[in-house]
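Subject: A structure for you to look at

Hi there,

Here is the structure I promised to send over. Please have a look at it first, and then read my notes below.

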Amino acid sequence: MAPVLEHPPASIMACGLVASNLNLKPGECLRVWGEVAPNTKSFVLNLGKDSNNLCPHFNSHFDAHGDANTIVCNSKDGGAWGAEQQEAVFPFQPGSVLEVCISFDQADLTIKLPDGYTFKFPNHLNLEAINYMAADGDFKIKCVAFD
């Protein structure tokens with residue numbers, strides 16, 4: 001089945017973009033290019049099996065939830081959140097266009113950000129494929145590519 005991209009009505013779902021049936025395999029990279037709003041508070045990229053099974057939940061806090069200029073990653077297993085992982089570097093600027101590349105293997109997800117910054121997040125769900133992506137917040141997706 002081909003990937004399905006949807007722009008659901010705001011009354012149904014808070015996400016700006018939802019994609020399913022991605023079938024991203026280990027070693028493949030999901031590249032997301034987008035524009036950060038000039039007055040952004042945060043933006044989120046969720047990947048995983050579905051909305052209740054996420055790995056990673058990638059949340060950039062420009063000024064949200066008591067954090068400033070902080071990247072917070074987490075996983076959700078059967079609807080239950082795991083432990084947060086915060087990153088020390090924040091290579092994002094309001095009003096900028098950026099690229100995020102996420103790939104994975106049995107043990108970890110590798111997240112590549114602007115300015116050559118890369119970090120790993122554990123594959124807590126032991127995902128064998130990433131089938132779901134959702135974006136939310138002050139981030140307008142311009143392009144999604146798989147390689």
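**Where to be careful**

Over residues 4-14, pLDDT (the predictor's confidence in each residue, from 0 to 100) stays under 50, and the model has 18 contacts for this stretch beyond four places in sequence. Contact here means heavy atoms within 4.5 Å. This is a predicted model, in which local features need pLDDT of at least 70 and side-chain atom pairs count only at pLDDT 80 or more, while totals for chains, interfaces and linings use all residues. Residues are numbered from 1 along each chain as its sequence is written, and side-chain values use heavy atoms, with hydrogens and water left out.

For the protein as a whole, the mean pLDDT is 88, and 90% of the residues reach 70 or more. Among the elements, strand 1 (residues 4-6) has the lowest mean pLDDT, 45, and strand 10 (residues 108-112) the highest, 97.

**Overall build**

There are 13 strands and zero helices. Both are DSSP runs numbered from the N terminus: helices are H or I with at least four residues, strands E with at least two. Of the 147 residues, 46% are buried, where buried means under 20% relative accessible area, exposed over 50%, and partly exposed in between (1.4 Å probe, protein chains only). The accessible surface comes to about 7400 Å², and carbon and sulfur atoms account for 50% of that; the areas come from the Shrake-Rupley method with a 1.4 Å probe, and for residues only the protein chains shown count as cover. Among contacts between residues at least 6 apart in sequence, 57% join residues at least 24 apart.

**How the strands pair**

Two strands pair if DSSP finds at least two bridges between them. One open sheet has five strands in the order 11-10-9-3-13, with antiparallel pairing. Its edge strands are strand 11 (118-122) and strand 13 (139-146), each of which pairs on one side only. Neighbouring strands of this sheet are turned by 20° against each other on average, direction ignored. The axes behind that value are lines fitted to C-alpha atoms (for helices over the stretch in contact), with angles from 0 to 180 degrees between N-to-C directions.

Strand 3 (residues 29-36) and strand 9 (residues 97-104) run antiparallel and are joined by seven bridges; Glu-35 stands opposite Val-97 in strand 9.

Strand 12 (residues 130-137) is joined to strand 2 by five bridges, and the two run antiparallel. Here Val-18 has Ala-134 of strand 12 as its bridge partner. Strand 4 (residues 42-50) also runs antiparallel to strand 12, with six bridges, and Leu-47 is partnered by Met-133.

**The core and two buried residues**

What is in the middle of the largest nonpolar core, counted by contacts inside it? The residues with the most are Phe-58, Phe-92, Ile-111 and Leu-113, in a core of 33 residues. Such a core is a set of buried Ala, Val, Leu, Ile, Met, Phe, Trp, Tyr and Cys residues joined through side-chain atoms within 4.5 Å. Leaving aside neighbours within four places in sequence, Ile-111 is in contact with Pro-56, Phe-58 and Cys-73, among others.

Leu-54, in strand 5, is buried with a relative accessible area of 3%. Beyond four places in sequence, Leu-54 touches residues including Leu-47, Trp-81, Leu-125 and Tyr-132. Leu-54 and Trp-81 are 27 residues apart in sequence and 9.0 Å apart in space, C-alpha to C-alpha.

Ser-42, in strand 4, also counts as buried, at 14% relative accessibility. Among the residues that Ser-42 touches beyond four places in sequence are His-61, Phe-62, Gly-137 and Asp-138.

**Backbone points to check**

Most residues other than glycine have a negative phi, and most peptide bonds are trans. The bond from Cys-55 to Pro-56 is cis, with omega near 5°, and Pro-56 lies in strand 5 (residues 53-64).

Asn-23, in strand 2 (residues 17-24), has a positive phi of about 55° although it is not a glycine. Asn-69, in strand 6 (residues 67-77), has a positive phi of about 50°. Asn-23 is partly exposed at 41% relative accessibility, and Asn-69 is partly exposed at 47%.

Best wishes
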